[in-house]
Every structure is written in C-alpha cells, then in structure tokens.
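Please walk through the following model from its metal site outwards to its cores and sheets.

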Amino acid sequence: MPMNDHSGKITHEQIRIHGKSDFAGMRKAGALTARILDEIADHVFTGQTTAELNRIVENKVDQAGARSATIGYRGYRHASCISVNHVVCHGIPGEKKLKDGDILNIDVTVIVDGWFGDSSRMYVAGKLGRKAERLIQVTHDSLLKGIDVVKPGATFGDIGHAIQSHAEKNRMGVVRDFCGHGLGREFHLPPNVLHYGKPGTGPVLQEGMFFTIEPMINLGRPETKVLPDNWTAVTRDKSLSAQFEHSIGVTKDGCEIFTLSPGGRFHPTWQSKSDPAAPQLP
Ligand code: MF3
Ligand code: CO
Ligand code: CO
C-alpha cells in the first residue's frame, strides 16, 4: 500500500477507465492471488516461520507460471508481505517462529498476462484471542462496508467514510499513513484510496475503474512508524493491527471483486485444517 502524503489534495491525474477484456485480465490475476491465499491457510500454525510461508507463496506463484509483483519492487525481495501482531503492513518474512495466538496478515500481489492481482487476509497461529478476534472482525467488516458503497456516481470519500465510521464506532483506529491504490497493468496507480473521509468528497467513481481497498485498523491509536529496515510499519502504541485487501473493478451498477476466495476462506481464514485449536466458521 502506498504512503499517504497527507496533502489532502484530490488527484488530478487521470484515473484509468478499463473495458471488458481488461476485466477478464484482472479476473485471472485476482483468481490466482485468491487461490494462493486460500492454500496458504493450512501452513499457518504455531512454530511456523514467516520465511517458510513466503517460500510457499513464491513456489505457488512460480508453479502457476505467474510473476510476483513484489520481488524487485522498490528493492523489496519477497513474494509476500507478512505482518504479525503490531506490524501494520510491509512486514518482511523472516526466521522468527509464530507463537500461539499470533495474528498475521499475508499480502500477495501477482502478475498474470500483465495484469496485477493484489489481496491480503488475516490468519492466526494457534488459538485466537478475544481482542484479536474482534479486531479482525471489525477490520473485515470495514472492508465490506467500503466495497458496499462502490458504484458509478459514488465518491472515494464515500468509501473512506464507510470504513472509518464502522471502525471508530467500535473504538478502533484507522491507519492514515497508508492507503489503497488504483491498479491494472501497473501495481500502484492513481488515485490514493483513503480509508477515512467525508461523504461526497474525492473523485467520482466511474464504470471501468480498477483499485484496491485495504483498510488497516488498530486496536489502539492510528499512528504508525516505519522501522530502520525502511519497510516494516508498526503501530506507535504497539497495539494490534489488522488488514484485509481486495482488488475490485467498478461495474455498471456496483463492483466486481477480483480476489474473492474460491474456497470461501476470505473470512475468517483462521480455521485451518492443520490447526484444530482454531475456531470454526460461524
Ligand atoms: N501489496 C502491497 C499493497 O497492497 C504492496 C507491497 S509492496 C512491497 O499495495 F514491496 F512491500 F511488497
Ligand atoms: Co494494495
Ligand atoms: Co497488497
């Protein structure tokens, strides 16, 4: 997710409008991203490392004959970002073992025939704690409430407002420092998709726009800082953070979600087969 420059300025860059065959391209890229995120669920457990999870993601991208969009992106070297507990986003996979109750976001972006599929979900190692469960639920529902308002004529401010209202009603903090983005044949395109805002403000949505919505919600304050590795963003108050991301396209009367889970595992994906301690789907 790009940094928000906090200028508050509405983009004057052109937001690209896509046609029918472009939707078909995004559908394929999104489907692969979603399948990989489905399949990784069974590999998340206590004692697992995020480096191993990343290796599995990278192999799956290779096996599908696709490319990882993140390897080589601005010097990033991995096929996923894996953000554990108070890491907000851009967590770098490493050899540290997951502990019982750790929550993690896995964010994967692939390129299929030149089209970008970008999505992320939450997972848990071992037994999910009550507070973490609430955070994950509210974050997931915030994303869906944002997606719900997407249709031609609505504005990006409407999306941000829907997300912010739900998170703040639940006394959680919406991260301002990172945002969603346009995408398509490139990874990050205009506009910046803010996860907070006022109804009726910002660019007007039009059929054929492609972008991500990827709210990061904290149990505590919204402020973040980036660690000296120049990637890892964490909550300043060390509170837990969660995120879900979909890539979507605006249709005649709503939107198409390109990264829907084929196995119905988008939420919650934490009832992994390998993890009998995990709660079952409601
Ligand atoms: N997938 C992230 C996003 O949602 C971007 C990751 S860039 C990386 O926009 F270099 F950190 F991988
Ligand atoms: Co994104
Ligand atoms: Co992403």
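The paragraphs below take up the metal site, then the cores, then the strands.

This is a predicted model, in which local features need pLDDT of at least 70 and side-chain atom pairs count only at pLDDT 80 or more, while totals for chains, interfaces and linings use all residues. Residues are numbered from 1 along each chain as its sequence is written, chains are lettered from A and ligands numbered from 1 in the order in which they are written, and side-chain values use heavy atoms, with hydrogens and water left out.

Start with the two cobalt ions, ligand 2 and ligand 3, which are 3.3 Å apart, with Asp118 coordinating both. Donors here are N, O and S atoms within 2.8 Å of the metal (3.2 Å for Na, K and Ca); water is not among the atoms, so sites may look incomplete. For the cobalt ion (ligand 3), the protein donors are Asp107 (OD), Asp107 (OD), Asp118 (OD) and Glu245 (OE), at 2.1 to 2.4 Å. Along the chain, the donor residues of this ion (ligand 3) have the spacing D-x10-D-x126-E. Asp107 belongs to strand β4 (residues 103–112) and Glu245 to the loop between β13 (241–243) and β14 (246–250), so this pair ties together parts that are 138 residues apart in sequence. Helices (H or I, at least four residues) and strands (E, at least two) are DSSP runs, numbered from the N terminus.

The cobalt ion (ligand 2) has as protein donors Asp118 (OD), His181 (NE2), Glu214 (OE) and Glu245 (OE), lying 2.0 to 2.3 Å from it. Their spacing in sequence is D-x62-H-x32-E-x30-E. Here the linked pair is Asp118 in strand β5 and Glu245 in the loop between β13 and β14, 127 residues apart.

Why are the arrangements around the cobalt ion (ligand 3) and the cobalt ion (ligand 2) irregular? Around ligand 3 the six donor atoms subtend angles of 58 to 169 degrees, and around ligand 2 the six donor atoms subtend angles of 51 to 159 degrees. Four donors count as tetrahedral if all angles lie between 85 and 135 degrees; four count as square planar and six as octahedral if opposite donors are over 155 degrees apart and all others between 65 and 115; anything else is irregular. For reference, ideal angles are 90 or 180 degrees for six octahedral donors.

Are these coordinating residues buried or exposed? Asp107 is buried at 5% relative accessibility, Asp118 is buried at 3%, and Glu245 is buried with a relative accessible area of 0%. Buried means under 20% relative accessible area, exposed over 50%, and partly exposed in between (1.4 Å probe, protein chains only).

Asp118 leads on to its strand. β5 (115–124) has ten of its ten residues buried. Asp118 points the same way from β5 as Phe116, Ser120, Met122 and Val124, while Trp115, Gly117, Ser119, Arg121 and Tyr123 point the other way. β4 and β5 pair in the antiparallel sense over ten bridges, where pairing requires that DSSP finds at least two bridges between two strands. In this pairing Ile103 stands opposite Val124. The two strands form a hairpin with two residues between them, and Asp113 in the turn has a positive phi of about 50 degrees.

Now turn to the nonpolar cores, sets of buried Ala, Val, Leu, Ile, Met, Phe, Trp, Tyr and Cys residues joined through side-chain atoms within 4.5 Å. The largest has 33 residues, of which Leu53, Leu104, Ile106 and Tyr123 touch the most other members. Elements giving two or more residues to this core are α1 (20–40), α2 (50–63), β2 (81–84), β4 and β5, and α1 gives the most, with seven. Apart from this core lies another, of 30 residues, among them Met172, Val174, Ile213 and Phe266.

Val174 also appears in a sheet, where it stands opposite Ile217 in β10. This open sheet has three strands in the order β6-β10-β13, with antiparallel pairing. β6 (173–174) and β13 stand at the edges with a single partner strand each, so one side of each is left without a neighbour in the sheet. Helix α3 (residues 130–148) packs on the sheet and touches β10 and β13, contact meaning heavy atoms within 4.5 Å.

Terms used: Axes fitted to C-alpha atoms, helices over the stretch in contact; angles between N-to-C directions.
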